[in-house]
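Thanks for coming. I will go through one structure today, starting inside a chain and ending with the contact of the two chains.

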2 protein chains.
Amino acid sequence: MKQLPLDHTPLLPVDVSPAVIKRLPRYRRYLGDLVSAGRERISSAELSRMMGVTASQIRQDLNCFGGFGQQGYGYHVPTLYDTISELLGTTEGYRAVIVGAGNLGRALAATHMFERRGVNRLALFDIDPRVIGTTVHGLPVYSVSQLSDFCREHAVDIGVLTVPKEAADEVVHALIQGGVRGIWNFANMELSLQEQGVTVENIHLGDSLMNLCYNMKVNGLTK
Amino acid sequence: MKQLPLDHTPLLPVDVSPAVIKRLPRYRRYLGDLVSAGRERISSAELSRMMGVTASQIRQDLNCFGGFGQQGYGYHVPTLYDTISELLGTTEGYRAVIVGAGNLGRALAATHMFERRGVNRLALFDIDPRVIGTTVHGLPVYSVSQLSDFCREHAVDIGVLTVPKEAADEVVHALIQGGVRGIWNFANMELSLQEQGVTVENIHLGDSLMNLCYNMKVNGLTK
């Protein structure tokens, strides 16, 4: 992670509108590619062509990030990338565990997605004695019976839920007991834990597949 | 799949507003659970409590589905489920291949998500000679060099893209050559193929993880 300039004052999320926030992960992705490619500056016009968003939208979205993006000069790519990353939480040092060492849990253990966003994965948890005690892509697999204690001892922030729907309630209970503050939920059931102060992000891959099928059907009708 | 009543006239997507369509996969999930549990009828009030949506929203969303949902009578669960499923495309008989037999491709090969939505998976494709010729969760793994021909011969509709970003362009080209009309894109790059008449659904798990981190950060500040 590159250092921010010394005169950088961290933005608070309250400074930025929720609509802009929602678009920031996508900006961050494109800016990350530019950083990797060694780009120092980019104009809103070029970013607009890359992202398929109007240049005026980009200027509106990004100009609140501390006056970068001067006319005829463009954005300073690394600074913009770091500022957006920090705003989104990549410098919070969040720690995560993956619960469920099945196909999806193993796939998530294999990606670099977490560390690239500043989230440290500590371990996997499962109930299957055949996988407990093994290592999956460098992560140890522990028994779900140890989940609460482990989360408390290691100050785990995030639980990634990849267990079957039927097991989800018990695992969520253990995660909350362990002091986890966020759940990334792939368990194909909806969770809402606001009243317990736990942030949830539900992933419904099946809904996405249905959207694809529906749009294919519509596009087929209008051809 | 249950038969629809004989007097059923298939709804065309054009009859339903895009905002309602976007919410339909979620209705379908809840209704599917009710069908599995053997429920015949449900009131908008009960569905409202289950789903955390107002009853009036539910009535507005679902009352265009052919006059089910009479006062004091509720919705006929199996009919509503079947109508929504058909509208979303589950009876189109779509055929899919998964390209990339890595961790994510294997995880997608293992789920029942596709067949539950009427999509038939035919095969996996990869470039690794160690996996070509093997079977993953009952699906044969073929060489990517055969992708176009296979898609054409088997009238494949959907390509599920789980290859690394760098390989995506070539695979997309082969899928389009093979006549595929829809791409479910997990390749962590954005695709837009409207001008080629190909429907794309992009999945960005990393953006979802960033949303979680951001919301945790905000919830931490406001505690």
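In what order do the seven strands of the open sheet in chain A lie? The order is E5-E6-E4-E3-E7-E8-E9, and the pairing is mixed. Before I go on, note that this is a predicted model. At the edges of the chain A sheet are strand E5, residues 135-136, and strand E9, residues 199-202, each of which pairs on one side only.

Now the pairing of E3 with E7 in chain A. Strand E3 covers residues 95-99 and strand E7 covers residues 158-161; the two run parallel and are joined by four bridges. To place this on your screens, find Val99(A): the residue opposite, in E7(A), is Leu161(A).

Two helices on this sheet deserve a mention. H5(A) packs on the sheet and touches E3, strand E4 (120-126), E5, strand E6 (139-143) and E7 of chain A. The direction of H5(A) makes about 150 degrees with that of E3(A). Helix H7 of chain A, residues 165-177, also packs on the sheet, where H7 touches E3, E7 and strand E8 (182-185) of chain A. Relative to E7(A), the direction of H7(A) is at about 170 degrees.

Next, helix against helix within chain A. Take helix H1, residues 18-36, and helix H4, residues 77-88: in chain A they pack at an angle of about 140 degrees, and their axes are 9 Å apart. That angle makes H1(A) oblique to H4(A). The crossing in which H1(A) passes H4(A) is left-handed. On the H1(A) side, the residues that meet H4(A) include Leu24(A), Tyr27(A), Leu31(A) and Val35(A). Among those of H4(A) are Val77(A), Tyr81(A), Ile84(A) and Leu88(A). By class, the contact of H1(A) with H4(A) has 13 nonpolar residues, two polar and one charged.

The second pair is helix H2, residues 44-51, with helix H3, residues 55-62, again in chain A. Their packing angle is about 110 degrees, with the axes 8 Å apart. How do H2(A) and H3(A) stand to each other, roughly parallel or roughly perpendicular? Angles of 65 to 115 degrees count as roughly perpendicular, and H2(A) and H3(A) are therefore roughly perpendicular to each other. Their crossing is right-handed. H2(A) contributes Ser44(A), Ala45(A), Leu47(A) and Ser48(A) to the contact, while H3(A) contributes Ala55(A), Ile58(A) and Arg59(A). Four of these residues are nonpolar, two are polar and one is charged.

On to chain B. A turn of 180 degrees, with a shift of 0.0 Å along the axis, lays chain B on chain A with an RMSD of 0.0 Å. The two copies are thus related as by a two-fold rotation axis. The same surface serves both copies, in that 100% of the contact residues of chain B recur in chain A.

I will be brief on the sheet of chain B. This open sheet has seven strands in the order E5-E6-E4-E3-E7-E8-E9, with mixed pairing. E5 and E9 of chain B are the edge strands with a single partner each, so one side of each is left without a neighbour in the sheet. One pairing to look at is E7(B) with E8(B): residues 158-161 and residues 182-185 pair in the parallel sense over four bridges. There, Gly159(B) has Ile183(B) as its bridge partner.

That leaves the interface. How many residues of chain B are in contact with chain A? There are 45, and they touch 45 residues of chain A. H1, H5, E8, E9 and H8 (205-222) of chain B each supply at least two residues of this side. The largest share, 16 residues, comes from H8(B). By class, this side of chain B has 22 nonpolar, twelve polar and eleven charged residues.

H5 appears here again, this time across the two chains. H5(A) and H5(B), each residues 103-110, pack at an angle of about 165 degrees with their axes 8 Å apart. They are therefore roughly antiparallel to each other, and the crossing is left-handed. Asn103(A), Leu104(A), Arg106(A), Ala107(A) and Ala110(A) meet Asn103(B), Leu104(B), Arg106(B), Ala107(B) and Ala110(B). That contact has six nonpolar, two polar and two charged residues.

Definitions and conventions: Residues numbered from 1 in each chain as written. Chains lettered and ligands numbered in written order. Predicted model: local features only at pLDDT ≥ 70, side-chain atom pairs only at ≥ 80, totals over all residues. Least-squares fit on C-alpha atoms with pLDDT ≥ 70 in both. Contact = placed C-beta atoms within 7 Å. Pairing = 2+ DSSP bridges. Axes fitted to C-alpha atoms, helices over the stretch in contact; angles between N-to-C directions. Parallel < 35°, antiparallel > 145°, perpendicular 65-115°, else oblique. Left-handed = near helix turned anticlockwise from the far one by under 90°. Nonpolar A, V, L, I, M, F, W, Y, C, P; charged D, E, K, R; others polar.
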